[in-house]
Amino acid sequence: MSTTTLSEAKMSHHDLLKDQVAIVTGSGRGIGLAIAKKLAGSGATTIITDITQESADAGSKEITDMGLKASGFVCNVTDTGSIEKMTTDVMNKYGRVDILVNNAGITKDTLLMRMKLEEWNAVIETNLTSVFKVTQSVIKNMSKANYGRVVNIASVIGMHGNFGQANYAASKAGVIALTKTIAKEYASKNITCNAIAPGFIDTPMTQKLKPEIKEKYLEFIPLKHFGQPEDVAEAAFYFCTGGSYVTGQVIVVDGGMFM
Ligand code: NAP
């Protein structure tokens with residue numbers, strides 16, 4: 001029988017990711033920042049990356065102000081050069097990457113009939129092609145170390161489709177298929193790859209929706225409230241800590257909206 005005391009249990013929780021380095025893309029704010037905070041809370045050094053140094057530094061400061069470890073790096077996930085530079089700089093500074101969370105994402109919503117090719121391409125590039133590029137850049141280091149945790153932020157829209165989101169739905173469905181492929185290709189390297197499919201989470205991305213659309217969503221959410229970024233962070237934390245025998249899976253965090 002275990003005789004672990006409460007203080008020992010707390011201590012081990014804080015130390016679970018001690019010495020590990022976690023890169024989270026698009027983590028200057030929103031879900032990415034919440035995930036980074038959660039991982040930092042367990043001892044990881046979190047690499048906050050965003051399009052501008054200012055937003056990366058702003059996210060990183062929130063974490064260091066909590067007495068936790070973080071550092072801001074520029075990484076525009078649509079720019080191969082920017083991705084390669086970030087990976088090289090992180091490896092030069094820390095010598096390892098244990099966790100990669102592909103979180104950066106955008107929406108450009110409009111009905112199929114009106115969707116411009118630029119709107120389609122921008123969303124596919126930022127949400128899907130980026131996961132291919134960033135993972136390819138980072139995973140070779142995990143592979144050499146024979147350890148890694150890759151977590152991709154998909155969406156329930158990628159499983160069910162949605163009015164006005166042809167580009168977004170296709171990008172997130174692609175992320176799910178890519179997740180399963182990475183899981184298969186890298187399992188022998190002790191690298192797991194899983195996805196999280198959030199439903200409606202209260203962030204700047206959803207705050208721009210019209211109030212009547214938000215009300216409509218709420219009708220279909222059995223838990224009767226929108227999710228918080230921290231709810232998504234809990235799932236990411238599971239994949240990075242406890243879920244060592246779980247790979248190629250999608251965990252839905254949507255208050256029961258789709259079941
Ligand atoms: P958010 O608040 O808009 O944050 C997205 C972050 O990604 C921002 O920091 C943004 O930077 C960054 N970003 C955008 N384009 C980028 C690029 N090219 N390179 C690097 N970073 C870039 O959105 P969120 O709600 O936290 O969304 C995070 C992820 O969760 C996305 O993949 C989204 O699709 C997914 N998701 C969200 C919901 C939801 O309800 N909120 C639901 C399902 C899935 P800037 O601040 O500079 O624009």
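α5 (117-145) and α7 each give at least two residues to the lining of the second largest pocket. Helices here are DSSP runs of H or I with at least four residues, strands are runs of E with at least two, and both are numbered from the N terminus. α7 supplies the largest share of this lining, 5 residues. The pocket holds about 160 Å³. Its lining consists of Phe 132, Thr 135, Gln 136, Ile 139, Leu 178, Thr 181, Ile 182, Glu 185 and Tyr 186. By class, that is 5 nonpolar, 3 polar and 1 charged residues. Ala, Val, Leu, Ile, Met, Phe, Trp, Tyr, Cys and Pro count as nonpolar; Asp, Glu, Lys and Arg count as charged; the others, Gly among them, count as polar.

This is a predicted model, in which local features need pLDDT of at least 70 and side-chain atom pairs count only at pLDDT 80 or more, while totals for chains, interfaces and linings use all residues. Residues are numbered from 1 along each chain as its sequence is written, and side-chain values use heavy atoms, with hydrogens and water left out.

Pockets and cavities come from a 1 Å grid over the protein atoms alone. A cavity is a set of points where a 1.4 Å probe fits but cannot get out; a pocket is an open set with protein on both sides within 12 Å along at least five of seven lines. Lining residues have an atom within 4 Å of a point. Points are joined across faces, edges and corners, and a volume is the space filled by probe spheres set on them.

The count is 1 cavity of 30 Å³ or more. The largest cavity encloses about 40 Å³. Thr 25, Val 77, Asn 102, Asn 103, Ala 104, Thr 126, Ser 130, Val 131 and Val 134 line it. α5 gives the largest share of this lining, 4 residues. The classes are 4 nonpolar, 5 polar and no charged residues.

Next, the ligand. Its shell has 28 residues, the closest being Arg 29, Asn 103, Tyr 168, Ile 201 and Thr 203. A residue belongs to the shell if one of its heavy atoms lies within 4 Å of the ligand. By class, the shell has 14 nonpolar, 11 polar and 3 charged residues. Three polar contacts (pairs of N or O atoms within 3.5 Å; within protein, one must be able to donate a hydrogen and the other to accept it, and residues adjacent in sequence count only if both atoms are side-chain atoms) are tabulated here.

| Residue | Protein atom | Distance to a ligand oxygen |
|---|---|---|
| Arg 29 | side-chain N or O | 2.7 Å |
| Gly 199 | backbone N or O | 3.3 Å |
| Ile 201 | polar backbone atom | 2.8 Å |

The protein covers 90% of the 900 Å² of accessible area that the ligand has on its own. Areas follow the Shrake-Rupley method with a 1.4 Å probe; for residues, only the protein chains shown count as cover. α2 (30-40), α7 (166-186) and α8 (204-207) are the elements that give two or more residues to the shell. α8 gives the most, with 3 residues.

The protein chain has 10 helices and 7 strands. Its C-alpha trace spans about 55 × 45 × 35 Å along the principal axes. The radius of gyration is 18 Å, which agrees with the value near 18 Å for a compact globule of 259 residues. That radius is taken over C-alpha atoms, and the globule rule is 2.2 Å times the number of residues to the power 0.38.

Two loop residues other than glycine have positive phi. Asp 19, at about 75°, lies between α1 (6-15) and β1 (21-24). Asn 146, near 60°, lies between α5 and β5 (148-153).
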